[in-house]
Structures are given as C-alpha cells and as structure tokens.
Amino acid sequence: MTAPTDRNRLDEEASPYLEQHADNPVNWQPWDEAALDAARDRDVPIFLSVGYAACHWCHVMESESFQDEAVASVLNERFVPIKVDREERPDVDSVYQTICQLVSGGGGWPLSVFLTPEGKPFYVGTYFPREPRRGRPGFRQLLEDISRSWEEDRDEIENRADQWTAAITDELESTPENPGDPPESDVLETATAAAIRSADRTHGGFGSGGPKFPQPRRLDLLLRASVLDDDEAAGEVAEEALDAMAAGGLYDHVGGGFHRYATDREWTVPHFEKMLYDNAELPRVYFEAAAATGHDRYARAASETVAFLERELRHPDGGFFSTLDAQSRTPASRLAVDDEAEDEEGAFYVWTPAEVREAMGDDPVDGVDVDAGTAADLFCDRYGVTDGGNFDGGTTVLTVSAGYEELADDYGLPVEAVERALLSARTRAFDARATRPRPARDEKVLAGWNGLAISAVATGARTLDPALAATATDALGFVLEHLWDADSRRLSRRYKSGDVQVDGYLDDYAFLARGAFDCYQVTGEVDHLAFAVELARVVREEFWDDEAGTLYYTPASGEGLVTRPQELNDQSTPSSLGVAATLFDELDLFVPDEGFGDVTARLLGTHADRIRHSPLEHASLVLAADAHARGPVELTLAADDVPASWRETLAARPLPTGVVAPRPASDSDLDPWLDALGVDEVPPIWANREAADGRPTAYACRNFTCSPPQTDLDAAFDWLADR
C-alpha cells in the first residue's frame with residue numbers, strides 16, 4: 001500500500017508557494033493529519049520548511065538543496081518533509097518562528113525547523129546552504145547529523161524539545177495570573193517618546209542602520225500625538241520618515257506602490273517584492289498624514305499606491321491578490337547577443353540612462369517647450385539615473401535626487417514646465433517598463449490582508465476621493481461572497497482560483513471587521529456595519545478566553561498545535577489583538593448590550609505590563625489603550641445623503657480616535673437598521689439624533705457629552721476642538 005510520504009503531494013495544493021515545490025524530488029507533504037500521522041507511524045523527525053512565494057532565500061534554498069537528488073534521498077528516507085506557506089498558515093509560522101527568535105535572536109524565511117513526531121521543535125534555523133558557508137552548516141551534513149542524533153541521543157533531543165515547547169508556551173500562550181488595570185492616559189506619550197528616541201533624524205525612519213522597515217504603526221503613534229497632543233517633535237519625526245520613504249527606493253516612482261523594505265539606512269535599495277499588506281498599511285498612513293498636515297505629497301503617494309493596487313493586485317471581481325515577486329527575467333535591453341535571460345532581483349524596476357532615453361522616444365512633450373532628449377535628461381537628474389548606477393550591473397534604483405525648483409534653475413525652464421515634462425516622462429517610462437518581463441504574482445486572496453487593504457482604500461475615500469469607496473466595497477463584497485459562510489457564521493482565510501482553504505485566524509476576522517466598519521463610516525451603508533458586528537461576535541465566541549483574559553490567534557474549535565499563540569506584537573502586519581481591542585471599543589457604541597467594551601478593558605488590563613514596558617513592540621495595543629483612556633469621540637451624521645461640502649470637511653479634519661456614525665435622517669427609517677444589527681433598541685450613538693427640520697445634521701460627542709444639533713459640520717468639529 002502506498003503511503004502519503006512515498007511521493008511529493010504538493011501537486012494537490014493551490015498555494016503558489018507550495019506549487020513552486022511540487023516538482024522537487026523531495027517528497028514534500030502539506031501540513032495535515034496524513035503527514036503528521038506518517039511521522040508518528042514511522043517514528044522519524046519532521047523537517048518543516050516555512051516560506052512564501054516571493055521569498056528570495058526560499059528560492060535559493062530550493063535551487064541548492066531541494067532540487068538536489070542526494071539531499072532529497074536523505075530527507076525522504078529519514079524524515080517527513082513538510083512544506084508550509086506562512087501566508088496560509090501564520091499560526092504554524094508563529095509558533096516555530098518564536099522558538100527561532102528565542103534560540104538564535106533572529107528569524108526569517110525560509111524557516112527550517114526539525115520537530116519530533118508530536119510537533120515539538122528541537123533544532124531550528126533559517127536558510128542553510130547545501131555546503132558549509134560563512135559559519136552556516138551545510139544542509140546535507142546537517143540532515144546526516146540530526147538523523148544520527150535521533151538514533152543515538154533520542155532522550156537528549158526529546159528533553160530539549162520539551163524545554164523549547166515550554167518556552168514557546170510561556171512566550172505565546174501564557175497570561176499574567178494577576179492582571180492590572182488598563183494603561184492610563186500617559187501611554188501614548190511614553191510610546192511616542194520611545195519612537196522619537198529610535199528615530200533616524202538624518203535619513204528618516206527608525207534605527208541606525210539597514211535593513212529599514214516602514215513601521216506604519218509607529219507612524220500612527222506619532223501622527224496621533226501630533227494631532228491630539230500638539231506634539232511638534234512627533235509630527236517632525238513622522239514627516240521625516242514619510243518623506244524619506246516616499247522619496248527613496250522603497251517607493252516605486254514609475255508605477256506607484258511600496259517595496260518590502262530598504263536594505264540600507266538611506267532608503268536607496270529595497271528588497272523589491274511588493275506585499276499587499278505593505279501597500280495597504282502605508283497608503284492608509286499617508287492618507288491620514290495628508291489630512292493631518294495638509295501636504296499634497298502624502299495624498300499623491302497614497303493615491304498612486306491605491307492605483308497600483310487596482311491595476312496590478314486586483315482580482316477581476318474585486319478582491320486583492322497577495323504579492324508580486326522581487327525577481328523577474330532580465331529585460332532584453334540588458335542582454336548581450338549570446339546572453340540568456342535569468343531571474344534577477346529588481347530587474348523590472350531599475351533603469352540605465354540608455355533605457356530612459358529609449359523610453360522617451362522622439363516626440364516632444366505636449367504643451368511645453370521640452371524635447372524628448374531633455375525629458376530624458378530631466379528624468380535621469382530627477383531620479384538619480386547615472387551610468388555607474390546604484391545597483392547591480394550599473395543599473396539605478398530610482399530615488400528623488402533633485403527637486404523641481406533645482407531642475408528649473410539648472411535647465412532654465414519654468415517650474416511648471418519641469419513638472420509637466422516629468423509627468424510625461426513618467427508616463428513614457430511606465431509604458432516602456434510594461435513591455436519588460438513581469439514579476440510573478442501570488443494570486444491568493446487572503447481575508448485578513450484584504451481587510452487591511454479595504455481599510456486603506458476606505459480611508460482614501462474619506463480623506464481624498466469619495467469614488468474610492470467603490471473599490472473598498474467591491475473588495476469587501478468579494479471576501480463576503482467567497483470566504484464567508486453565512487450559515488456556519490465562519491470565515492475562511494484563503495481563496496485561490498475557486499479553492500477555499502484554512503479556517504480564519506484572529507487577524508482575518510479582526511482586519512476584515514475593521515475594513516467593513518470603515519466602509520460603513522464612509523458609505524453609511526448599515527450592511528457593512530452589520531457584517532463588522534457579526535465578525536466581532538464570532539471573535540468573542542471563538543477567540544476570547546474569559547479565564548485567561550485574552551484573545552488567542554487561533555479559534556477554539558480549530559486545529560491544536562503544541563501551543564495556542566496570541567498575536568500581541570506588531571510585525572509585518574499589525575497585532576490582530578490590538579486591532580480587535582480598538583474595534584471592540586468602537587462597536588460597543590452600536591451594540592452596547594453585548595459587552596464588547598468590557599472585552600477591550602479586560603484585554604488591556606491583561607496586557608498592561610507588556611504595553612507599558614515595551615510600547616513600540618505593541619504599538620497597536622498602545623493605540624487601543626490610548627483611545628480607551630481618552631474615551632469615545634462620536635460624530636453622528638443624520639442625513640439620507642451626506643452633502644459634498646461635508647465630505648470635504650471630513651477629509652480636512654483628522655479624527656484619530658473618533659467614530660463617524662452615519663444614520664438615516666428620520667427615526668422612522670431606523671427599524672431596518674436595527675434588524676440588520678440584530679438589536680431591539682436604538683443604540684445611544686443614534687438615539688434622539690434625527691435631522692433637524694429635514695436638513696443634514698451632525699451631533700458631536702466626547703465622553704458622553706454632546707453638542708447641540710449642527711447643520712454646519714465645521715461647527716460640530718469646532719465644538720469638539722473646545723472639549
């Protein structure tokens with residue numbers, strides 16, 4: 001009888017990352033009961049390899065080791081090799097990434113872990129070369145050594161596995177026996193001071209070297225302190241980071257959107273993969289910064305990034321795909337006669353002066369006295385394109401290297417002519433780049449990441465262009481149709497070409513509920529609010545542990561791992577627990593009898609010490625604690641149609657801890673809204689707040705004290721400003 005481990009089973013999987021390994025000679029197994037049972041039946045260790053489709057070093061390790069017949073032979077005979085897409089199974093990744101960080105002080109992908117048949121880790125690392133190199137053991141020899149130790153030193157291995165599993169449980173699952181009260185009102189001040197201390201005041205961002213990551217939640221802290229507490233230093237540090245990221249190579253100056261991170265302190269050379277979550281969280285922050293500062297450059301970066309999402313990461317039916325790879329085939333313009341194209345990091349995005357000149361063509365720029373050659377020169381000077389380049393092979397990663405005024409002086413042109421010429425040059429560069437071989441796209445649609453993108457686009461609809469609401473609600477509708485089961489009231493995590501897999505995790509529910517709630521605030525459609533409330537109800541049922549006083553990352557009815565993790569820290573994505581805490585406080589205003597606010601208070605009390613002692617690692621929880629300590633800020637809009645002038649006011653007036661609560665103009669129209677929410681009584685945020693004399697009316701409230709009815713929205717904001 002053929003056993004599951006007798007062949008590579010990844011050809012049955014829909015994950016693009018797993019599909020990439022389906023032709024390896026390694027008999028890869030997905031993480032499922034058949035694979036785990038096989039390890040127990042054969043009494044051999046599990047080799048767990050975790051990565052994702054756009055991971056560069058995952059590709060390298062595959063080429064060096066997993067395509068190697070000799071390595072495959074050892075893996076197949078002496079181990080059960082399991083391959084996991086960390087984007088599909090973040091729970092598995094979280095558990096074993098934690099021990100990697102505890103043991104080695106770092107982590108990353110590929111994550112390489114050796115487990116007992118019961119799933120307990122006893123050896124861990126990241127990338128291993130096939131042969132020893134730069135202090136890293138060779139993978140083939142490592143397999144031989146671990147196999148030998150399994151046979152000869154089994155007791156020692158199992159003892160280590162028990163110790164490591166206990167350490168993971170202590171780090172991820174445990175909560176304090178004696179929780180305190182939620183942090184007080186100084187929590188944002190403490191976190192902001194820490195963010196300012198960590199800032200690179202020379203090159204922008206955080207940290208004194210590379211690599212540099214965007215850290216959007218730290219920017220949220222700084223912008224909130226700037227807006228609500230008039231903290232000038234916080235505003236300066238936020239703007240320095242925003243300007244540096246948008247001017248550097250992290251940003252795609254031709255096509256919009258942000259790469260994963262910068263490899264250097266100066267933000268010049270990025271790691272070129274484009275992730276949906278970065279291109280959700282960053283435009284959201286830039287939209288908020290535009291509202292807070294009034295700077296058009298932030299709105300431009302955000303809107304260009306949303307345009308990138310709509311163009312390159314959007315499913316035809318509305319949802320958003322997951323990633324674009326960092327690598328693509330070498331363009332023909334960089335190949336000699338006998339050269340063969342290869343996959344290269346950044347090949348799609350970088351430029352040479354000759355490529356710029358070719359892209360500009362021969363036609364002059366319409367409307368200004370600038371010929372194609374001058375347009376090419378302006379483009380090269382603006383974005384630092386030189387013969388020597390700043391990247392591999394003499395190519396250049398585009399960065400803003402000269403301002404419009406400087407170029408106008410150098411070329412003897414009006415500033416307006418320079419701006420127009422460069423706009424045309426960017427369009428021509430975009431068209432030329434579109435003919436290059438494109439990076440591969442991971443076409444998974446993930447519920448949680450889509451929730452982040454929906455929030456970002458809804459923020460753009462509120463602060464810049466109301467038409468963006470359609471993009472946000474289309475994506476929400478896609479996830480609702482394909483990943484939400486209304487009968488079972490459960491959310492799945494992943495959709496790929498009709499295939500739906502994996503029970504949703506806390507981030508899927510919390511981020512999607514956040515996106516649905518933000519859609520309600522922008523559109524005034526109660527169905528979006530009702531969906532957010534329904535998702536929150538499931539979070540309470542499946543993820544809330546009343547005894548521990550916390551929300552766990554995995555559902556109570558889901559698969560049990562060696563420990564049940566919490567997601568407290570902000571990492572590549574926000575802390576799902578922190579996002580849920582803020583959302584629960586806000587939804588409590590609409591369904592006050594369901595105890596969502598009590599859950600937030602308990603959560604913040606449980607984790608108060610962590611929040612106080614390491615606020616930057618828990619920025620989302622700090623934001624939740626700050627909003628909780630300040631108390632609710634409500635802006636109820638009683639109107640059947642919100643006036644265009646009000647939308648302009650909302651765009652220009654940041655409301656960092658506020659809730660915008662549209663409702664019908666007349667109380668007589670509220671019954672269908674109550675039915676949608678499944679409540680019997682009108683919630684206080686809507687109660688007794690009809691439109692005055694049939695005119696759109698705003699009610700502003702802070703800490704349960706409300707303004708008189710205002711038919712002038714600016715007057716409502718002025719009332720809030722005085723409180």
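Which residues of S1 are buried on one side, and which on the other? I began with this strand, and I kept in mind that the model is predicted, that local features need pLDDT of at least 70 and side-chain atom pairs pLDDT 80 or more, while totals for chains, interfaces and linings use all residues. Residues are numbered from 1 along each chain as its sequence is written, and side-chain values use heavy atoms, with hydrogens and water left out.

I found Ile46, Leu48 and Val50 buried on one side and Phe47, Ser49 and Gly51 on the other, so both faces of S1 are covered, where buried means under 20% relative accessible area with a 1.4 Å probe and protein chains only. In a regular strand the side chains alternate between the two faces of the sheet.

I then looked up the neighbours of S1 (residues 46-51), counting strands as DSSP runs of E with at least two residues and helices as runs of H or I with at least four, numbered from the N terminus. Strands pair if DSSP finds at least two bridges between them. S1 runs parallel to S2 (residues 80-85) with six bridges, and phenylalanine 47 has proline 81 as its bridge partner there. With S3 (residues 111-115), S1 pairs in the antiparallel sense over five bridges, and valine 50 has leucine 111 as its bridge partner.

Last, I turned to aspartate 410, which lies in helix H15, and asked whether this residue is buried or exposed. I noted that aspartate 410 is exposed, with a relative accessible area of 56%, the cut-off for exposed being over 50%.
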